[in-house]
Amino acid sequence: MGFWERWRIPIMLAPTMAVIIFLFIGGLTYGSLVSLGWQPIIGRTEISLQAYENIIFSEQYASVFWQGLLLTIWVSFASTFLSAVLALATALLLRRSFFGKRLATFLYQLNLPVPHVVAAIGILFLFSQSGLISRTGAQIGIFGYPSDFPVLVRDKFGIGIILSFVWKEVPFVGVIVLAVLQSLGVDYEDLARSLGANRWQRFRYVILPLVMPGLLSGSILVFAFTFGSFEVPAILGVRFPRTLTVTAVRFFRDPDLNARTEGMAISIIISIIVFFLVLGYMWLSRRTIRKD
Amino acid sequence: MAPVSSRPTARKRLARVLHYCAVVLLIFLLLTPLIAFFFNAFSFRWFYPQLFPKEISLRAWESIVAANSKVPEALLSSTILAVGVTFSSVIIGLPAARALGLYSFRGKRVIEFLIISPTIVPGIAVAMGLNINFIRWGLSGNMLGVGLVHLVPVMPYVVLTLSGVFANYNPEYEQQARSLGAGVLATFWHVTLPAIFPGIVVASLFAYLISWSQYILTFLIGAGQVITMPVLLFSTASGSNNALTAAMSLVFVAPSILILILTARYLSGKSSAIGGFGQL
């Protein structure tokens, strides 16, 4: 075997792996070291769990961290669940043939290239107390003043954040499901129908198992993204509680370099949580798919 | 069964009407946030109960093209970054995609897992870790450093898209071209490239979109020196000038929507690639 045959694959993989190893793994590793108190630039070379202890237990940070964790988990689970359900429903809606289907499918996908920063601003324009919906309500006499409109953005339950994620992710997951549905055709369903399956049975036992892998892989991406997203909660969130990413970035940008360690520790905690939740989710979903 | 389908019953007609209503409602809900940008961008002194702005104004647009506007510069930075990231990511990812698409080898699954892992781990941990070293290496606060960090979220989608194309690619055509006397470059240009071109279009689309929309990585590595459109928009959105924020948002999303429309025919049904949209 010649040199080229032996080393062909490693050489082809090298450029991509260099990016992954130096930038991605290198960044994560160095970040973990910083979170463990290792900052040679300011003369700290001892490893300790002090930053993690501070975040989790200290009076100064504990409530910021735990309330933030709760909010982050709530927002990302709610957004993922709602996006997945609505994506499935809307994909089924667009799957049937009807006049104007091409136009409807095109408009459905129109927000895919819209960045999350813009999505958050759009939700602000729509749902703020003097936003378009509030104004529409005022026109038909439901609200007299902006303050009559419920606080749906910059609220402490993260409703604005969830709305903006759902708006962005429904077409995203929907397009994945739609691609699967389109490739299936109607053969399976016709077969099930001829065997006497009713509408619900055809959905539950024919369509759902077939679209499930696509639906799950799409919602994994949504979950991981919403958990680590910064722009949307930064624009649509409140001062307390803040999501973990927003707190991490604030600490990291703090003029006091010691807070940087805490900021780094929070972002490492976010990565660990996302990693294990995604693993668990994949394990669970694989079991569910196999059972079906 | 036949008579049922030839003459729609009242129930079927009702079902069709309801289906139409649902589709119209869905599209309406998806478009209203976008419509809100147009309302805001052309409004001036748009007082509360008014649904439509009484005074239509181009003030926001004038300040975008004004001499002291930061928008043209931000558009330029964003464009240079996105184009640079797109080109380099495709060149870096192409050989790896070929290796993953065409060959099976030991450790392939580990390599695949490593390459897609940036789609799951949030970017802020990576960017914060790189931040300190980038300052030391002179990569903080300039386009080169920001472009390098953009490669992290971009590479998985470029490699994933292109390896999908290579999985359905027959390398024997290359051998035939070579045996007929074509050089390595000529073979790539006339045989390989045309065959994988649709994949390159889709990969470039995602590389461009992900880089163009990136806020937090640019913010953390750019250190206030690299002002791209999302960075400028974010700081404008923190102020109270809704008209300017809206107009700027429209300028920011217009190229992305245009590029999507132009490349839509290459995109149909490629569910593995569509994942890239989740990163914007």
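**Note on the predicted two-chain model: helix packing, interface and domains**

1. The crossing of α1(A) and α4(B) is left-handed, and this note, which concerns a predicted model, starts from that pair of helices. Helix α1 of chain A covers residues 3–35 and helix α4 of chain B covers residues 71–102, and the two pack with their axes 7 Å apart at an angle of about 130°. Because angles over 145 degrees are needed for roughly antiparallel, the value of about 130° makes α1(A) oblique to α4(B).

2. The residues that make this contact can be listed for both partners. From α1(A) they are I9(A), M12(A), L13(A), P15(A), T16(A) and V19(A), and from α4(B) they are I92(B), G93(B), P95(B), A96(B), R98(B) and A99(B). Sorted by class, the contact of α1(A) with α4(B) holds nine nonpolar residues, two polar ones and one that is charged. As for the spacing of such positions along a helix, an α-helix has 3.6 residues a turn, so residues three or four places apart point the same way.

3. Turning to the interface as a whole, 75 residues of chain B are in contact with 75 residues of chain A. On the side of chain B that touches chain A, the most is given by helix α2 of chain B (residues 10–41), which supplies 15 residues. That side of chain B is made up, by class, of 56 nonpolar residues, 18 polar residues and one charged residue.

4. Within chain B, the domain assignment gives domain 1 as residues 2–61 and domain 2 as residues 68–279. The centres of these two domains of chain B, taken over C-alpha atoms, are separated by 33 Å, and the contact between them takes eight residues from domain 1 and seven residues from domain 2. On the domain 1 side, the elements of chain B that give two or more residues are α2, β1 (43–44) and α3 (59–65). The side of domain 1 of chain B that touches domain 2 of chain B divides into five nonpolar, two polar and one charged residues.

5. A second helix pair lies inside chain B, where the axes of helix α9 (residues 184–213) and helix α12 (residues 242–267) come within 10 Å and cross at roughly 155°. That angle makes α9(B) roughly antiparallel to α12(B), and the crossing in which α9(B) passes α12(B) is left-handed. Helix α9(B) contributes P198(B), V201(B), V202(B), L205(B), Y208(B), L209(B) and W212(B) to the contact, while α12(B) contributes S256(B), I259(B), T263(B), Y266(B) and L267(B). By class, the contact of α9(B) with α12(B) has 10 nonpolar and two polar residues, and no charged residues.

6. In chain A, helix α11 (residues 244–252) deserves a separate comment: eight of its nine residues are buried, so the helix is largely enclosed by the rest of the structure. The buried residues of α11(A) are L244(A), T245(A), V246(A), T247(A), A248(A), V249(A), F251(A) and F252(A).

7. Finally, I55(A) has its place in helix α2 of chain A, which covers residues 50–57. Because 27 C-beta neighbours lie inside 10 Å, I55(A) counts as buried, the cut-off being 20 or more. Leaving aside residues up to four places away in sequence, I55(A) touches Y61(A), F65(A), E262(A), A265(A) and I266(A). By contrast, I55(A) and S219(A), which are 164 residues apart in sequence, are 30 Å apart in space from C-alpha to C-alpha.

Conventions
Residues are numbered from 1 along each chain as its sequence is written. Chains are lettered from A and ligands numbered from 1 in the order in which they are written. This is a predicted model: local features need pLDDT of at least 70, side-chain atom pairs count only at pLDDT 80 or more; totals for chains, interfaces and linings use all residues. Two residues are in contact if their C-beta atoms, placed from the backbone, lie within 7 Å. Helices (H or I, at least four residues) and strands (E, at least two) are DSSP runs, numbered from the N terminus. Ala, Val, Leu, Ile, Met, Phe, Trp, Tyr, Cys and Pro count as nonpolar, Asp, Glu, Lys and Arg as charged, and the others, Gly among them, as polar. Domain bounds come from an automatic or database domain assignment. Axes are lines fitted to C-alpha atoms, for helices over the stretch in contact, and angles run from 0 to 180 degrees between N-to-C directions. Angles under 35 degrees count as roughly parallel, over 145 as roughly antiparallel, 65 to 115 as roughly perpendicular and the rest as oblique. A crossing is left-handed if the near helix is turned anticlockwise from the far one by less than a right angle, and right-handed if clockwise. A residue is buried if 20 or more other C-beta atoms lie within 10 Å of its own, exposed if 12 or fewer, and partly exposed in between; C-beta atoms are placed from the backbone.
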